[in-house]
Amino acid sequence: MHGIVWFRRDLRLSDQPALTAACKECRQVIPLFVFDEPLLQSQVFGSACVNFMLGCLEDLAESLAARGLPLQWRRGEPVEEVVSAAREWKIDVVYWNRDYEPRALERDRLVQQRLAQMGVLVRTFKDHVVFEAEEVRSATGEPLQRYSAYRARWWAKWQATKPPVLPVPSGCSGDKAVPLSPPRPIPTAHELGYEPLTPWIEAGERQARKRLSRFVAGPIHTYVDGRNRPAIDGSSKLSPHFRFGTLSPRTAVHAALAALAQGGRVSRPDVLTWIDELVWREFFQQVLSAFPRVVDGPFRSLAVPPPRQPGLERDRLFQAWCDGRTGYPIVDAGMRQLKLTGWMHNRVRMIVASFLIKDLRIDWQSGERYFMKQLLDADVAANNGNWQWCASTGTDAMRGYRIFNPVLQSKTFDPQGDYIRRYVPALAKVPAPAIHEPHLMTDGEQRRLGSRIGLDYPAPIVDHRQARLEYLALGKAAQR
Ligand SMILES: Cc1cc2nc3c(=O)[nH]c(=O)nc-3n(C[C@H](O)[C@H](O)[C@H](O)COP(=O)(O)OP(=O)(O)OC[C@H]3O[C@@H](n4cnc5c(N)ncnc54)[C@H](O)[C@@H]3O)c2cc1C
């Protein structure tokens with residue numbers, strides 16, 4: 001048989017179910033990637049994400065070429081490109097790993113339909129998650145809406161099955177290559193219509209594995225505390241790798257559990273808490289799978305305060321939030337980190353999201369879209385799930401009208417202000433605790449420290465205490 005392995009968000013060779021099956025079942029194998037032109041044109045994702053993806057593709061192409069199996073690529077409408085590749089190369093079967101985003105599901109349904117009409121088989125595999133939505137259900141077979149219940153069942157399933165990690169398939173070699181003209185170099189970001197950037201997190205499967213090894217040898221052992229401190233390297237920063245599949249979640253869980261099994265200074269709660277974050281990731285994937293309507297609006301029709309009316313004031317506040325010019329240093333540091341690097345610390349993501357929705361009263365969908373465009377780990381399921389959580393509209397949302405106090409959060413999680421100073425140079429000389437509320441400094445202090453409020457650094461664009469009271473009052477009114 002002649003097969004295509006259609007790479008999508010699984011840009012690696014190890015623990016790659018579609019590639020493994022193709023190498024086992026086919027005499028000849030063609031690895032293929034398709035640049036989705038309509039998606040590129042839509043600019044839903046931004047340059048950070050696209051550059052990271054290109055880095056991953058370069059790495060994949062290099063690894064495949066080293067094995068004598070070059071990566072072919074095409075650019076266009078994916079259904080048409082896959083169908084025409086299958087026709088042109090006289091393919092018997094197309095292999096891919098499943099994607100659960102509504103847009104991807106529709107694309108895959110169409111490809112499958114067209115290939116079936118041509119008599120071409122399709123084989124699809126679970127890959128992006130340890131357990132698919134149907135595998136972790138309630139006792140009555142319903143999708144789970146509470147993370148705690150989902151987590152309990154996820155772990156029970158893990159204990160019962162311990163899904164193995166597949167090695168790089170031995171058949172992934174030049175013996176399977178089809179004599180096609182050598183592929184052109186992977187296009188540049190510029191050629192795809194995006195700004196060229198060096199990804200802030202190194203791209204590709206090899207870098208993902210290095211990062212995982214470093215993390216399980218060190219920071220994972222202080223994760224419970226470290227994950228909440230944006231000034232330190234306390235979390236794995238593997239999210240872009242999970243997003244593009246340069247690391248499989250199975251590999252990550254096994255690596256963390258292996259670190260635990262080694263004993264020594266290993267802390268069980270730290271390791272298990274980290275794996276629980278991967279379970280959050282799967283929880284949101286299953287929410288998207290089971291309730292695809294979440295991409296179009298709130299999951300729950302709970303009465304929440306209405307967002308601010310469209311208009312100049314709303315636009316001014318939104319722009320200040322995007323630019324990191326709200327006058328709340330922790331919010332501004334986060335938004336500037338995002339713009340500069342394409343990544344933001346999880347604790348700070350929660351703070352800036354709460355601030356946008358509850359202090360500025362701007363619809364969470366605007367924040368969701370902005371994050372999609374800026375993040376290098378931009379992922380529909382995780383982004384939507386977390387924004388809905390922060391907006392108290394999600395399956396397992398932030399309870400009631402809980403509103404983060406940005407100053408208190410800042411004092412608790414960045415007590416010395418080191419994170420703020422890194423991203424807000426105008427506050428570089430301001431010591432803690434003044435750095436958390438620089439507008440409270442006297443005029444003399446502001447001048448002496450080079451942080452004149454209104455000149456070097458903005459005054460708060462809203463008063464948090466007042467904004468909170470307004471939000472709560474609107475919440476009460478909405479419930480009537
Ligand atoms: C408003 C908002 C938007 C977000 N948007 C995204 C997004 O587009 N893409 C994305 O991958 N994550 C998103 N997250 C979740 C989280 O912030 C990132 O996954 C995390 O910061 C990545 O850092 P890390 O790899 O160091 O995580 P670690 O702390 O090392 O966690 C390990 C892995 O678990 C997963 N994970 C951790 N926290 C979460 C979470 N809350 N929800 C889902 N998965 C999680 C990630 O895959 C992460 O790489 C968002 C969070 C918020 C509050």
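In the predicted model, the side chain of Ser236 places an N or O atom 2.6 Å from an oxygen atom of the ligand. The ligand as a whole, taken alone, exposes 820 Å², of which the protein buries 97%. Two further polar pairs involve the ligand: a backbone N or O atom of Asp379 is found 3.1 Å from a ligand oxygen atom, whereas an N or O atom in the side chain of Asn386 lies 3.0 Å from a nitrogen atom of the ligand. The contact to Asp379 is thus made through the backbone, while those to Ser236 and Asn386 are made through side chains.

The ligand occupies the largest pocket, and the elements that contribute two or more residues to its surrounding shell are α9 (239-244), α11 (268-290), α14 (346-359) and α16 (380-390). Of the elements that take part, α11 provides the most, with 5 residues. In total, 26 residues surround the ligand, the closest being Tyr223, Ser235, Ser236, Lys237 and Asn346; Ser236 is also the residue whose side chain has an N or O atom 2.6 Å from a ligand oxygen atom. By residue class, the shell consists of 14 nonpolar, 6 polar and 6 charged residues. With regard to domain assignment, domain 2 (205-290) and domain 3 (312-479) each supply at least three residues to the shell.

Two features of backbone geometry were also noted in the model. The peptide bond that joins Ala432 and Pro433 is cis, with an omega of about 5°, and Pro433 belongs to the loop that lies between α18 (418-423) and α19 (443-448). Gln43, although not a glycine, has a positive phi of about 55°, and this residue is located in the loop between α2 (37-42) and α3 (47-66).

Terms used. Residues numbered from 1 in each chain as written. Predicted model: local features only at pLDDT ≥ 70, side-chain atom pairs only at ≥ 80, totals over all residues. Heavy atoms only, no water. Near = heavy atom within 4 Å. Polar contact = N/O pair within 3.5 Å; in protein donor to acceptor, adjacent residues only side chain to side chain. Areas by Shrake-Rupley, 256 points an atom, 1.4 Å probe, with all protein chains shown as cover. 1 Å grid on protein atoms, 1.4 Å probe; cavity = no way out; pocket = protein on both sides within 12 Å on 5 of 7 lines; lining within 4 Å. Sits in = over half its atoms within 2 Å of the grid points. Helix = DSSP H or I, 4+ residues; strand = E, 2+ residues; numbered from the N terminus. Nonpolar A, V, L, I, M, F, W, Y, C, P; charged D, E, K, R; others polar. Domains from an automatic or database assignment.
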